[in-house]
Amino acid sequence: MTNRTNAGTRVARAAVTWLLLLSVMIAGSPASAELLIRITEGADSAIPVAVVPFSESGAMPSGDRISSIVRDDLTMTGEFRPLQPEKMLSLPSKGDEVYFRDWRLLGQRYVLVGQLTRKGDRIEARYELFDVNREERVMGATASASVNNPRSLAHHISDRVYEAITGVPGAFSTKLAYITLERSGGESLYRLQVSDVDGKRARVRLESDEPILSPAWSPDAKKLAYVSFETGKPAIYIHELSSGNRTRVADFPGLNSAPAFSPDGRSLLMTLSKDGNAEIYKMDIQSRTLKRLTNHWSIDTEPAYDHTGEGFFFTSDRSGGPQIYHKASYDAEPRRITFGSRYNARPRPDNEGKYVYYVHQRDRAFHIARTDLRTEEETVLTRTESDESPSVAPNGRMLIYATKQSGNSVLTVIAADGGAAYSLPASKGDVREPAWSPIAR
Amino acid sequence: MKITAPQKALALVFSLGLIAGCSSTGDTTEGGMAGSDVSAVDQDGGSTVYGGDDEGGVSSSDMTEEQRRAAEERAERAEAEAMRDITTFYFDFDTAEIKPEAREVLVAHARYLQANPGQDVRIEGHADERGTKEYNLALGERRANAVQRFLIVNGASRGQTETISYGEEKPAVMGSSESAWAQNRRVELVFQ
């Protein structure tokens, strides 16, 4: 009886909602509350590095200090353990002021020093990195940015320092796209947002009371493709971030979901069910021509190009439950990748063809796991449960995913091998479906 | 006047009660007598009782039968109508199999659609929050398609139906418990 009554009420409400006009707001809306970083865990092997506060000449923007942003950037990778400035014995700002003995005494491996100079409406940074054990200068460079943009300058310096020490490009200047969802009463508010990787400078790009899903970056990091239900049914849009211009590229009967750009940016993989059930298609963005890439009665979805750009990974339940498959080319036979449990879905490969990351069910929990594509060895990377939506940093060193924390969905970043972690809890509601941008070119 | 869901549900209770009452009236008379036969009356006495009962039934049997049939038809109609009040159908995890208890109700919906060709229905498929969002969109669609096929096989026309999947985006119940998940793995019929 209870079910019947509820069902009746629910249907009545659904009908009313259906009649309400959708409010879709595009770019230019006020910045939303920023995500807060909370570092939950650091790796034991973290490298001690001293980022000395940079000297300043001329008026600097108030608020963010460039050297503190660099320090935070390095900390959040879990690969570094920056020294607190209070513990420093001296505050050098250029090479001839660095006394290696002091830094060795403090157990530091690297020292970063720098000077900031105001030049018109720009800030110029001259910075140098030293190896304490070898007593040598590892790198020195200058960079400048608009006075309104100190965070970009700081992230650029972090990228260079990270690369000088690890040999791998940093990903601090990249962006995160994600969806936030606030529910109150019977109403939902979905927002597509883009922020720095540390959660700062978040901006709302699209707002709707109907679902927004599956944001995916173009390889030049200038556009996002996503699914929006703003017309009452799912359609795929391409959204140019600088202008806010949007194009609806797929609006077929049934599912229009899971868009993924090709590495050359010319085509989109997507899931459509216009021919009966969920199948994967390639759309040429310019001509809108479609090529069907799967043909099976089962669900085929969640496509992602591999690093070659010729093949792709996808989820299929052709074996009875969802598993990860790979097609080496559009016409190749699909090869099953996962066997470790009965539910493995939403593959996201790295840029080098080494690993594929995905959602993995073990016992009753959903974790993020990865499979080494050469050895076929599977590693479960997370201890959290209800984990979803893994997205790999473009340098392959970090991974962001969504998980549950006291009932809310939050974003968590971990080292790609499962080490250190930090979380980005939203101030309100759920944060979900993170997509880590490529390195902008 | 608009009949609300609770009123319809009440009507269902009443109509089910009526059917039960009708059939049990006859049963109780016979069954009750037979029951008391066993304990207190010998075989002969028992047959006398039965004969008397049959005799009494002869004069009024046509009327009773007619009335009973009319009542039954009314009850069936009320039951079908009340059944159509059920518009949500539940599924097991990662399946799109229509449960046996849903079949009778869906048949009632299909017959109604067949009898009312001007009536359209939107079939909304949903999944629980577990697993991935895009797979769940496809799973919600598979559930909606299963219900659509069932309605068509049982008399609805394809043109009356439209399917949409919301995946895990529109839960009926918030929360991460087994019970919330069970209530969220569903297909809802929305008559338009």
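Here are some questions and answers about two chains, A and B, of a predicted model.

Reader: How are residues and chains labelled, and which pLDDT do local features need?
Author: Residues are numbered from 1 along each chain as its sequence is written, while chains are lettered from A and ligands numbered from 1 in the order in which they are written. This is a predicted model, in which totals for chains, interfaces and linings use all residues, side-chain atom pairs count only at pLDDT 80 or more, and local features need a pLDDT of at least 70.

Reader: In what order do the elements of chain B run?
Author: Helices (H or I, at least four residues) and strands (E, at least two) are DSSP runs, numbered from the N terminus. Chain B holds five helices and four strands. From the N terminus on, they run α-α-β-α-β-α-β-α-β.

Reader: Which residues of chain B does the annotation "domain: OmpA-like" cover?
Author: The name comes from an unreviewed UniProt entry; UniProt positions are given in the numbering used here, feature names are shortened, and annotations may be inferred rather than shown by experiment. The span is 43% helix and 19% strand, with its end C-alpha atoms 21 Å apart. In chain B, the annotation covers residues 78–192.

Reader: How far apart are the end C-alpha atoms of helix α3 of chain B?
Author: The expected span of a helix is 1.5 Å times one less than its number of residues. Helix α3 of chain B has 16 residues (100–115), so it should span 22 Å. The model agrees with this, as the end C-alpha atoms are 24 Å apart.

Reader: Why are the buried residues of α3(B) on the same side?
Author: A residue is buried if 20 or more other C-beta atoms lie within 10 Å of its own, exposed if 12 or fewer, and partly exposed in between, with C-beta atoms placed from the backbone. In α3(B), the buried residues include Leu106(B), His109(B), Ala110(B) and Leu113(B). They share a side of α3(B) because the arc they cover around the axis, taken from the directions from the helix axis to the C-beta atoms, is only 100°.

Reader: What covers the buried residues of α3(B), and which exposed residues does the face turned away carry?
Author: Two residues are in contact if their C-beta atoms, placed from the backbone, lie within 7 Å. The cover of the buried residues includes β2 (121–126), α4 (133–153) and β4 (186–191) of chain B. The face turned away from the buried side carries the exposed residues Glu101(B), Glu104(B) and Ala115(B).

Reader: How many residues of α4(B) are buried?
Author: α4(B) reaches 30 Å from its first C-alpha to its last, close to the 30 Å expected. Gly155(B), with a positive phi near 120°, follows α4(B). This helix is mostly covered, and of its 21 residues the number buried is 18.

Reader: At about what angle does α4(B) run to β20(A)?
Author: α4(B) lies across β20 and β21 (312–316) of chain A. Axes are lines fitted to C-alpha atoms, for helices over the stretch in contact, and angles run from 0 to 180 degrees between N-to-C directions. α4(B) runs to β20(A) at about 150°.

Reader: Which strands stand at the edges of the open sheet with the order β20-β21-β22-β23 (chain A)?
Author: Two strands pair if DSSP finds at least two bridges between them, and the pairing in this sheet of four strands is antiparallel. Each edge strand has a single partner strand, so one side of each is left without a neighbour in the sheet. The edge strands are β20 (300–305) and β23 (335–336) of chain A.

Reader: What is the bridge partner of Tyr325(A) in β23(A)?
Author: Two bridges join strand β22 (residues 323–327) of chain A to β23(A), and these strands run antiparallel. In β23(A), the partner of Tyr325(A) is Arg336(A).

Reader: Which residue stands opposite Leu181(A) in β32(A)?
Author: Strand β9 (residues 175–184) of chain A is largely enclosed by the rest of the structure, because seven of its 10 residues are buried. 10 bridges join β9(A) to strand β10 (residues 187–196) of chain A, while five join β9(A) to strand β32 (residues 430–436) of chain A. Opposite Leu181(A) stands Asp430(A).

Reader: Which residue takes a positive phi in the hairpin of β16(A) and β17(A)?
Author: Six of the six residues of strand β16 (residues 256–261) of chain A are buried, so this strand is largely enclosed by the rest of the structure. Four bridges join β16(A) to the antiparallel strand β17 (residues 267–272) of chain A. The hairpin has five residues between the strands, and the residue with a positive phi, near 75°, is Gly265(A).
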